[in-house]
Amino acid sequence: MEDYSTFSCVLFAFGILFVLVSSIEYFFPAKYKNLKGYRTKNSLKNEESWNFAQKKYAKSMFFSALFLIILSFIGLFLSIPNVYGFITSLVIIIILAIRIYIKTEKALKDKFY
């Protein structure tokens, strides 16, 4: 009998990881031009854009984490074999990471440029 929980386990683990990272980033943001934090060309232009980017990135990551956790519970009712579940969960996580980046960059451009 094959176990079908890989999809849910991976999504739940990354969801919890995203919650922890986003909470740290939101409540203890990195100082301007620190090695830690959301570092892009637009976020490094000045301290105001840096602080805005850190908060926006943390909020986007937190809501993505909630989505991953909810999806992991839905995945418990799906019959996805381990290999496909693992690959599918990684694709979902990559898409969410790209979405976080695009959303934060768009917010930076709308507010500052």
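In which helix is the place of phenylalanine 73? In this predicted model, phenylalanine 73 lies in helix H2. Its relative accessibility is 46%, so phenylalanine 73 counts as partly exposed; the buried class ends at 20% and the exposed class begins over 50%.

Phe73 also belongs to a nonpolar patch on the surface. The patch covers about 650 Å². Its other members are Phe12, Ile16, Leu20, Leu76 and Phe77. H1 supplies the largest share, three residues.

H1 itself has 22 residues. From first C-alpha to last, H1 reaches 32 Å, close to the 32 Å expected at 1.5 Å a residue. Its buried residues are Phe7, Ser8, Val10, Leu11, Gly15, Phe18, Val19, Ser22 and Glu25. These buried residues pack against H2 and H3. An α-helix has 3.6 residues a turn, so residues three or four places apart point the same way.

The interior was examined next. The largest nonpolar core holds 19 residues. Phe7, Leu11, Phe18, Leu68, Ile92 and Ile93 touch the most other members. Three elements each give two or more residues to this core: helix H1 (6-27), helix H2 (47-75) and helix H3 (82-112). H2 gives the most, with seven residues.

Isoleucine 92 illustrates the packing. With residues up to four places away in sequence left out, isoleucine 92 touches Phe7, Leu11, Phe67, Leu68 and Leu71. Phe7 and Leu11 are also among the buried residues of H1. H2 thus appears in both settings: H2 holds the partly exposed Phe73, and H2 gives seven residues to the core.

Key:
Residues numbered from 1 in each chain as written. Predicted model: local features only at pLDDT ≥ 70, side-chain atom pairs only at ≥ 80, totals over all residues. Heavy atoms only, no water. Core = buried A, V, L, I, M, F, W, Y, C linked by side-chain atoms within 4.5 Å. Buried < 20%, exposed > 50% of the residue type's maximum accessible area, 1.4 Å probe, protein only. Helix = DSSP H or I, 4+ residues; strand = E, 2+ residues; numbered from the N terminus. Contact = heavy atoms within 4.5 Å. Patch = residues over 30% accessible without salt bridge, like charges linked within 9 Å, V, L, I, M, F, W, Y side chains within 5 Å. Areas by Shrake-Rupley, 256 points an atom, 1.4 Å probe, with all protein chains shown as cover. Salt bridge = Lys/Arg side-chain N within 4 Å of Asp/Glu carboxyl O. Expected span 1.5 Å × (residues − 1).
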